[in-house]
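Let's walk through this model together, starting with one term and then moving from single residues out to the whole chain.

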Amino acid sequence: MERLTITIDDDLLGEVDAFIAQRGYANRSEAFRDLVRSGLEQANSETVTGRNCIATLSYVYDHAARDLPKRLTQEAHEHSDLAQATLHVHIDHGSCLEVTVLKGARTAVKAFSDHVIAERGVRHGQLVMMPIELPHGHAPGHGHAHSTTATGSKKGSRG
Ligand code: NI
């Protein structure tokens with residue numbers, strides 16, 4: 001093992017110490033090793049191979065932040081080719097959790113995700129990408145009709 005010296009600001013160290021107390025670590029070194037490992041795993045999961053991916057982007061956001069909910073919805077609409085669906089959970093009176101499923105070119109998915117996470121009022125943003133093969137010469141999305149869905153919608157009378 002090697003011993004190294006790092007510089008860290010007080011606020012961040014305070015968060016680390018709270019984490020250490022909460023998890024019951026015996027010392028800071030063990031906690032830092034675990035944090036570094038999980039950081040590396042996260043970084044590796046972001047460098048999936050292949051050009052295309054399917055991904056989940058999850059984040060908590062401040063429902064009360066001015067225009068933020070509207071802006072997030074608008075961003076999803078503007079990238080409807082990427083954003084497949086969004087799950088919305090009202091956590092409490094002020095916070096919401098959203099999980100958006102994204103599909104398409106890795107670079108586009110990453111750019112969209114970075115943009116959403118960078119929005120003021122968005123916290124705990126996490127992107128998890130999984131590699132997929134998309135049909136050659138086709139944009140993301142289905143190039144064929146779903147007969148069951150089509151039949152279902154014809155018969156469906158829910159309006
Ligand atoms: Ni909500």
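Strands here are DSSP runs of E with at least two residues, numbered from the N terminus. With that in hand, look at H124, which sits in strand β4. Keep in mind that this is a predicted model. H124 has a positive phi of about 55°, and it isn't a glycine. Most residues other than glycine have a negative phi. As for its surroundings, H124 is exposed, with a relative accessible area of 63%.

Now zoom out to the chain. You'll find five helices and four strands, and from the N terminus they come in the order α-α-β-α-β-β-α-β-α. Of the 159 residues, 24% count as buried. The accessible surface is about 11600 Å², and carbon and sulfur atoms make up 54% of that. How much of the contact list comes from residues 24 or more positions apart? Taking contacts with a separation of 6 or more, such pairs account for 68%.

Next, the middle of the sequence. Strand β2 (residues 83-90) and strand β3 (residues 95-105) run antiparallel, and seven bridges join them. Together β2 and β3 make a hairpin, with four residues between the two strands. If you want a landmark on this hairpin, find H88, which stands opposite E98 in β3.

Then there's helix α4, covering residues 106-118. Its 13 residues reach 18 Å from the first C-alpha to the last, close to the 18 Å expected at 1.5 Å a residue. Which residues of α4 are buried? They are V109, F112, S113 and V116. These residues cover an arc of only 95° around the axis, so they lie on the same side of α4. Turn to the other side of α4 and you meet T107 and A118, which are exposed. And what covers the buried residues of α4? The cover includes β1 (52-62), α3 (68-78), β3 and β4 (122-131). So β3, a partner in the hairpin, and β4, the strand that holds H124, both turn up again as part of that cover.

Finally, a word on confidence. The chain averages a pLDDT of 82, and 81% of the residues score at least 70. Over residues 145-159, though, the pLDDT is below 50, and this stretch has zero contacts in the model beyond near neighbours in sequence. Where pLDDT is low, the predicted coordinates shouldn't be read in detail.

Key
Residues are numbered from 1 along each chain as its sequence is written. This is a predicted model: local features need pLDDT of at least 70, side-chain atom pairs count only at pLDDT 80 or more; totals for chains, interfaces and linings use all residues. Side-chain values use heavy atoms; hydrogens and water are left out. Buried means under 20% relative accessible area, exposed over 50%, partly exposed in between (1.4 Å probe, protein chains only). Contact means heavy atoms within 4.5 Å. Accessible areas come from the Shrake-Rupley method with a 1.4 Å probe; for residues, only the protein chains shown count as cover. Two strands pair if DSSP finds at least two bridges between them. pLDDT is the predictor's confidence in each residue, from 0 to 100. The expected span of a helix is 1.5 Å times one less than its number of residues. The arc is that of the directions from the helix axis to the C-beta atoms.
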